[in-house]
Every structure is written in C-alpha cells, then in structure tokens.
Amino acid sequence: MILLVAADSSVAVVEEIERAVRRAGGDPSRLTAGGELAIAARGADPARLGRPEGVRAILRAASPYPRAARDPEARTTHTTVVRIGDVPFGGREVVLVAGPCAVESPEQVDACARAVAAAGGRVLRGGAWKPRSSPYAFQGHGETALVWLADAARRHGLAVVSEVLDPATVPTVAAHVDALQIGSRNMQNAPLLRAAGRSGKPVLLKRGMSATLDEWLLAAEYVLDAGNPHVVLCERGVRSFDPAARNLLDLAAVPLLRARTHLPIVVDPSHGVGVRSAVAPMALAAIAAGADGVLVECHPDPGRARSDAYQALDLDELASLGVAAATVARAVGRTLER
Ligand code: PEP
Ligand code: MN
C-alpha cells in the first residue's frame, strides 16, 4: 500500500501517519517522486489503518489478474453478465447448458437438442473436435459436426457452444457457434487463449484439471487482455486420489471464485464426477452453491455414446433434471425458465 500525502501536510502530520502505519502492523518508509511525498506502508492491515489525516489517496497493489478480479473496493458481489447468443450468464437466470459429449450424427444431435429445449435448457453443447486421452479413440467429425450442431440448435431455439482445440481452427469454430469452449487440457495454452480472445466470441473457459483458482483466473486474463470481455468460467472437477469418481467436483470453487472475480461461473458435474447417477444431484448442488449455470452431457442412448458414455444422462433423466433444477433455482432466489 502506498499512501499519497497531501501537499500542505506539516511534519507533525507526516509523523502521525507513520505512527498510524506502525499501529496497523506496518513498516513505513518515505518516498518522494516529482516533489510529492508518499509513504510505503509495507505490511500494514488496511482495515486497521483506515485513512489517516493528511493522506490524500491510497494506492493498493494491483491484482495479478486486474481484468478478471472483482473490484476490491466493491461492497457487492455483482457479476458481469456475459451473453452467449441471446442467453445471459450471470444474471438472475440459472442457465442449463446440455448436449452430447461428441456430435455423432444429425439424428443424435437433433434428438439431444429437442430434449435440451424441452428440459428448459438454453444452450446446446457438443464436441466436434474431441480431446481424447487416446489417439485411437473417436476424435470427432470436425466441421461437419459443427454444421449438424448449429442446425439442430437453430431448429430448437438454442444457442450453441463447442470446444476449440487449437488456434488454427478458432475461425472455423467461431463461424458456427455462439461461444468457444476451451477445455480443461488447454486451460493454460496461451496461444489458444489469445486466439479465442481475438475472435470476439464469448469463451467458456473450463478449469484445468490441476489448476488453482488463481491459475484459472490468470488464464481468463489472457482472453480478457486480448480485448474480449466475454468469459464464463466452468468448474469441471480436479484430479484426486480416489478413483471412485473421474474427478473431484470442487463446488467450493463457486463461492471462492465469487469473492475473487466478477465473471459468471458455470459447473459441469458430468466431467466433474463422471458417473451418471451422480450428475443430477451435483448439478442441483451447484445451483444451490450459487452457480450461474450448469453444463451436462446427454445422449439418446448413453450406452452407445462414442465418448464419455458413463456420464451421459439419457433424455428422460435430462427432463427430470430440468424440473428439479428449476425448483432449486427458485429456492435460492434465481430462475430457470422452462
Ligand atoms: C467436454 O466438455 O467435452 C470436455 C472434453 O470437457 P473437459 O475439457 O472438462 O474435460
Ligand atoms: Mn465429454
């Protein structure tokens, strides 16, 4: 903290400011720049210090992620509203984002889109390029899948989000979707973050599977610093020691992020837990914890899904989740329109 001293302050006033810094646990040292006096108050507790007489302004150390950070002086937990298509994230509405892990065929994605809209969902998700752990697993149908995805979304009145894996395909994906998803494996891929930032499309930024909240917000800062203010954060679980679940869904991240950032926060319990029966309960818990949206995977026939079959809800389960999610949203003062 730097205390800028008013120009007409007497020696006695300056000495009293230094005593106030010491009483607040700090170690004062004088600085002069351009003939002006300032006092560095290293280690002082801002709450105990207050603003001593003779101090005209207090400069605080900038946040490492100044664009993502909540204004430290703000007394509210206001969230910036980010629109994906015409769907607002960060307002009173809790948004249901759903769809298949991978877009497999026009029929499959259309059946999902119909069910998503009927369940109260507003955004259709679906992978066209899949970041599979194995190079021998289904990698996605690429741009063809984006056409099927966007057509299905349009038919059912949904916005659309899909993952982009590398900077070279950002323009292609951006041409078909309302938002670019950056996946867990790419959260710290700086060239991709910058390219997505330059695209101007909203970015759904998933948490890296071993990323701290600060690392995640620094990744968001790359997109924001590229001139793109439309970032939605998506918690999707972190690696843990216990193989009972695919990941450990970190719901505490929702209130902890809320205190640190003004960006909207979505939770993905599908990748977060990876077990179908646990997806709906954790989606409801995420809404109760204050998430601005939930993202879940669904499939008309989960057992035959070409990726992430164990975590896909069938379309009846998605419908039930929509009903329960609306109830929980109402219980915490939010809405989820159906
Ligand atoms: C996905 O959403 O399909 C996906 C691959 O997610 P994540 O990056 O969270 O693993
Ligand atoms: Mn998936």
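**Exercise 1. Register of a strand pair**

Which residue in strand 13 does Glu235 stand opposite? Work this out on the predicted model, then place strand 12 among its neighbours.

*Solution.*

Step 1. Begin with the pairing: strand 12 and strand 13 (residues 265-267) run parallel and are joined by 3 bridges. Within this pair, Val267 is the residue opposite Glu235.

Step 2. Now follow the chain between these two strands. From strand 12 the path goes through helix 8 (residues 253-260) to strand 13, a right-handed β-α-β crossover.

Step 3. Turn to the other neighbour. Strand 11 (residues 203-206) also runs parallel to strand 12, with 4 bridges between them. Here Lys206 has Cys234 of strand 12 as its bridge partner. Together with helix 7 (residues 213-225), strands 11 and 12 form a right-handed β-α-β unit.

**Exercise 2. Two faces of one strand**

Sort the residues of strand 12 by the way they point, and decide for each face: buried or exposed?

*Solution.*

Step 1. Split the strand into its two faces. Val231, Leu233 and Glu235 point one way, while Val232 and Cys234 point the other way.

Step 2. Check the covering of each face. The residues on both faces are all buried, which agrees with the count for strand 12 (residues 231-235), where 5 of 5 residues are buried.

**Exercise 3. The manganese site**

Find the protein donors of the manganese ion (ligand 2) and describe how they are spread along the sequence.

*Solution.*

Step 1. List the donor atoms: Cys101 gives SG, His271 gives NE2, Glu297 gives OE and Asp308 gives OD. They lie 2.0 to 2.4 Å from the ion.

Step 2. Write the spacing of these donor residues as a pattern: C-x169-H-x25-E-x10-D.

Step 3. Take the pair Cys101 and Glu297. Cys101 sits in the loop between strand 7 (95-99) and helix 3 (106-118), and Glu297 belongs to strand 14 (residues 293-297), so this pair ties together parts that are 196 residues apart in sequence.

Step 4. Look at the exposure of both. Buried means a relative accessible area under 20%. Cys101 has 6% and is therefore buried; Glu297 has 0% and is buried as well.

**Exercise 4. Buried residues on two helices**

Name the buried residues of helix 10 and of helix 6, and say what covers them.

*Solution.*

Step 1. In helix 10 (residues 276-288), the buried residues include Ala278, Val279, Ala283, Ala286 and Ile287. These residues are on the same side of helix 10 because they cover an arc of only 165 degrees around the axis.

Step 2. Among the elements that cover them are strand 13, helix 9 (269-273), strand 14 and helix 11 (315-331).

Step 3. For helix 6 (residues 190-199), the buried residues are Leu192, Leu193, Ala195, Ala196 and Gly197. Their cover includes helix 5 (170-176), strand 10 (179-182), strand 11 and helix 7.

Step 4. Finish with the residues that come next. Gly290 follows helix 10 with a positive phi near 105 degrees, and Gly200 follows helix 6 with a positive phi near 80 degrees.

**Exercise 5. The whole chain**

How is the chain divided into domains, and how far apart do their C-alpha centres lie?

*Solution.*

Step 1. Domain 1 takes in 2-59 and domain 2 takes in 82-331. Their C-alpha centres are 48 Å apart.

Step 2. Add the overall span: the C-alpha trace covers about 80 × 45 × 40 Å along its principal axes.

Step 3. Count the elements and the burial. The chain holds 11 helices and 14 strands, and 52% of its 338 residues count as buried.

Methods. Residues are numbered from 1 along each chain as its sequence is written. Chains are lettered from A and ligands numbered from 1 in the order in which they are written. This is a predicted model: local features need pLDDT of at least 70, side-chain atom pairs count only at pLDDT 80 or more; totals for chains, interfaces and linings use all residues. Side-chain values use heavy atoms; hydrogens and water are left out. Buried means under 20% relative accessible area, exposed over 50%, partly exposed in between (1.4 Å probe, protein chains only). Two strands pair if DSSP finds at least two bridges between them. A crossover is right-handed if, with the strands pointing away from the viewer, the path from the first strand over the helix to the second runs clockwise. Donors are N, O and S atoms within 2.8 Å of the metal (3.2 Å for Na, K and Ca); water is not among the atoms, so sites may look incomplete. The arc is that of the directions from the helix axis to the C-beta atoms. Contact means heavy atoms within 4.5 Å. Domain bounds come from an automatic or database domain assignment.
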